[in-house]
Amino acid sequence: MLPRKRAGEGAVVEGGEGGGGGGGEEVSGSNASSGVSLLKKSRIGCFGPPELTATGNSKSDVANNGSGSSQPASTSSTSTSTSTSTSTLGGSMPTDIDEDLHSRQLAVYGRETMRRLFASNVLVSGMQGLGVEIAKNLVLAGVKSVTLHDEGVVELWDLSSNFLYSENDIGKNRALASVQKLQELNNAVVVTTLTTKLTKEHLSDFQVVVFTDIDLHRAIEFDDYCHTHQPPISFIKADVRGLFGSVFCDFGPEFTVFDVDGEEPHTGIIASISNDNAALVSCVDDERLEFQDGDLVVFSEVHGMTELNDGKPRKIKSARPYSFILEEDTTNYGVYEKGGIVTQVKLPKALKFKPLKEAIKDPGDFLLSDFSKFDRPPLLHLAFQALDKFVSECGRYPVAGSEEDAQRFISVASGINDSLGDGKLEDINPKLLQHFAFGARAVLNPMAAMFGGIVGQEVVKACSGKFHPLFQFFYFDSVESLPTEPLDLDDLKPRNSRYDAQVSVFGSKLQKKIEDAKVFLVGSGALGCEFLKNIALMGVSCGKHGKLTVTDDDVIEKSNLSRQFLFRDWNIGQAKSTVAASAATSINPRLNVEALQNRVGPETENVFDDTFWENLSVVINALDNVNARLYVDQRCLYFQKPLLESGTLGAKCNTQMVIPHLTENYGASRDPPEKQAPMCTVHSFPHNIDHCLTWARSEFEGLLEKTPAEVNAYLSNPVEYTKAMINAGDAQARDTLEHVLECLDKERCERFEDCISWARLKFEDYYTNRVKQLIYTFPENALTSTGAPFWSAPKRFPRPLQFSVSDPGHLHFVMAASILRAETFGIPVPDWAKNPKKMAEAVDKVVVPGFQPKENANIVTDEKATSLSAASIDDTAAINDLISRLEHCRSNLPPGFRMKPIQFEKDDDTNYHMDLIAALANMRARNYSIPEVDKLKAKFIAGRIIPAIATSTAMATGLVCLELYKVLDGGHKLEDYRNTFANLALPLFSMAEPVPPKAVKHRDLTWTVWDRWIIENNPTLRELMQWLQDKGLNAYSISCGSCLLYNSMFPRHQERMDRKVVDLAKEVAKLEVPPYRRHLDVVVACEDDEGDDIDIPQISVYFR
């Protein structure tokens, strides 16, 4: 989305317009803080072992290493090095944004927010699982610098939740062991380390500080410093303890949110405005209004009541789907005539944060995530304070499985609760506190992934003022993920394994089930990379009986690298699944993974056959389209396998658990289809930029892909091609032949100058002649058949353009169109073609013929029309004439002549595809006085780019993996599972138990969509019908595919009764039974003894 210009205030410090990405930064060499190291531009293999512990300590070393050298700076074996002040890092960085890399993120944030990010320095303290997840998301987002702080060393325990560490890192400082691989994620971000004790003075170098492993006393001390600092430093404290998590945010005494939700301002097209005190404003019913009572709006383009066009925000009330009340007296205003756009005004919001020492005593309203746990946040607020006190008194965390430690922890919590006076909790839930104590030392990967996404997004908010911050406490737990059977306390003890932290929460029995799981991961893009990391860390499919199958038919592109963190730039062009699987095995070498490049669908059922599906424990979808999701959903229904579904859209994410016999399936409920603009609106009556871009994309594909492909089809086999056109004999065939003939005759290009001439004449046709024809046929005062004005809202009256070489938009259209036209004809593009002055000289030489509007032009105005081609009684004659003219043209072509069709590629900014589409759309927008857009915005709309950021992806996969514990344990009830919708922009977390499937009852039988009845031993038709009759069901029709195997209305079908069902299917339905198939499916129509139809499940007949 396009950013609006905003004043630099709030979270952005001096130098806020500085960008990121460049090399050659000058770095301070002062000794203000010891233990800092800098790593820049080192390039080691994907997740390979780090070769550095600290970088050199001189200015020249750092500068050289930052300039793009592939060799690391000289290293030091000591754990401390000369400090690098992060406040000076990147001071000379350019403000350019790599749009190829960040296009999906730009679609969420806009350029202004990205520039603010590029100017922000962030400290992340605590490099256990949560800290690393936060740092990963920030490096991917592209902040200016991330400093990693940790004084501790890597332990085997850390391998449960930290994807950067290997067993070789045990004993190394956590920050130093993390820096290398985090730097690989984005070389435009300066990643540094701080390995000594943190002081308040260190914090002044940063705009945001995040603490993931700090005691409450020091947190209050640091937060006070940040809160009173000028400008304030945003402070975030986050903790993950077993299945419990917390976040606290303090962005200072005055923080401005520039955009609270990230949504585009809502608009409406006005139909009428009354002259009243509190005027009624009605809008056209083209689209529902999204306004709410109390919104501020501005008016523009209003005819008659022009007093409203002053740009002043006005308050509305009584908002309805197509109208609202304007709180203004319009009695003495001019009378409304026509036109007008009303647009929502989004105002900045000022927030006053309380410091931690006040908020801990008076937390205010907690942000809820699960309304079934309404009383949980105050209890967790108490539990985290009790844990801090326990650790300060004992010098350690409670031991997992130690009832003595748990009881002591509960006593501490009880003591704190007793001191709260009026705020005392009536029930401190000792059972829940015991779970809290047992898992207090463990950082679980799914919790770290989830909270890493949440906290990463809060950092972006603090840096940019984009989206509403979390205000101020958030608590979450997933105790439902624990095994259903009571835990044996001995089962929680460490086994000297990389999974010890996870075992301390779930026990070794569930860990064994996790390791032996057979999992199918469908997709290895953004969601897939996160899932693979989580799966490897959890130990899923890492046992001798476990297996993970991952498939994805896509290859890695540059735009993937800002979210799909298992990929590096040297992987571009390689298969996603192969690279991702390899990276996952680097995280956990015990992972048994097979990477495939097959699309999952009917065409690959020989690969993903019955045996494959039957052996699975669970399926995890990581897909980006609904059709593929629906197919996998049907397969999971058929084979009764759990499906864990998730998706993201910008800052929003959702998860859905599809559990056999417990929940409805994914396909049981669907979103309504997106509303498509009528064809006549797109082609003749656009009223927004989306219509212009849809038209531009259509014209691009028609001119540069479809028509050249048709030319080649004709030239490759003229006889067959013309025969097919004659057989079609319709208006579409006639139009196709006309385009082919134009391309090979009067519009054929032999020199680049011909391409310029073609482009200039296209401009005249599109933006001058067609518009002149339209307003000649429908003048401004035209009326409809009912006497209403033809040009009434939402139609906008167009004006023809007068071409001028001095207009950059006009010239850019001709440049982009001529370059791409030359490409289709294989004509070399001269260097001067990209020189505006020389291009203008060439365009001036083009002779543009005059235009005379036609009297009886056919312009489609029917909104239900599906084609712009008008049928004619003489289509056949026209087709025959076109074919004969084509034959004449073909005889004049050079031998072997072929065109080069161009397939639209949005993610290459050097290919002129988006240049032409943006130019096509913007010139059309000028015709209709529609605001134009830049190339980036055009790319989002025409390229149908799905907005995506790493934070929402991480959160979604963390939530799904919390459900994966439940699935692999087995035995959980419906109320234990959670579906989630979250919007990190607001922030909003909405969790609820899934919907159960619809049940059908007959006699003592009950079934749902999950049931598939199975009959074995290769039955005959009679045996199948008798099997049903035993259930009180009388079959009167049996079909396989689209063919009837039996119907009681046909007497001859009685002769089939003793035939095997499979033989009938082969003979009647022409069913092909491949060797891997052991059964066939039939659909049976039944009625009960009273003659009422009964809808029964699909029946699988096993013949092998």
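**A tour in three stops**

Start by selecting helix 15, residues 526-538: its 13 residues reach 19 Å from the first C-alpha to the last, close to the 18 Å expected at 1.5 Å a residue (that expected span is 1.5 Å times one less than the number of residues; helices are DSSP runs of H or I with at least four residues, strands are E runs of at least two, both numbered from the N terminus). Before you go on, note that this is a predicted model, where local features need pLDDT of at least 70, side-chain atom pairs count only at pLDDT 80 or more, and totals for chains, interfaces and linings use all residues. Residues are numbered from 1 along each chain as its sequence is written, and side-chain values use heavy atoms, with hydrogens and water left out.

Now show the surroundings of helix 15: 13 of its 13 residues are buried, so the helix is largely enclosed by the rest of the structure (buried is under 20% relative accessible area, exposed over 50%, partly exposed in between, with a 1.4 Å probe and protein chains only). Step on to Gly 539, which follows helix 15 and has a positive phi, near 85 degrees.

Next, pick Asp 624, in the loop between strand 20 (618-621) and helix 18 (626-639). Asp 624 counts as exposed because its relative accessibility is 69%. Add Asp 969 to the selection: 345 residues along the chain separate the pair, and their C-alpha atoms are 28 Å apart.

Last, go to Phe 981 in strand 23, residues 979-983. With 35% relative accessibility, Phe 981 counts as partly exposed.
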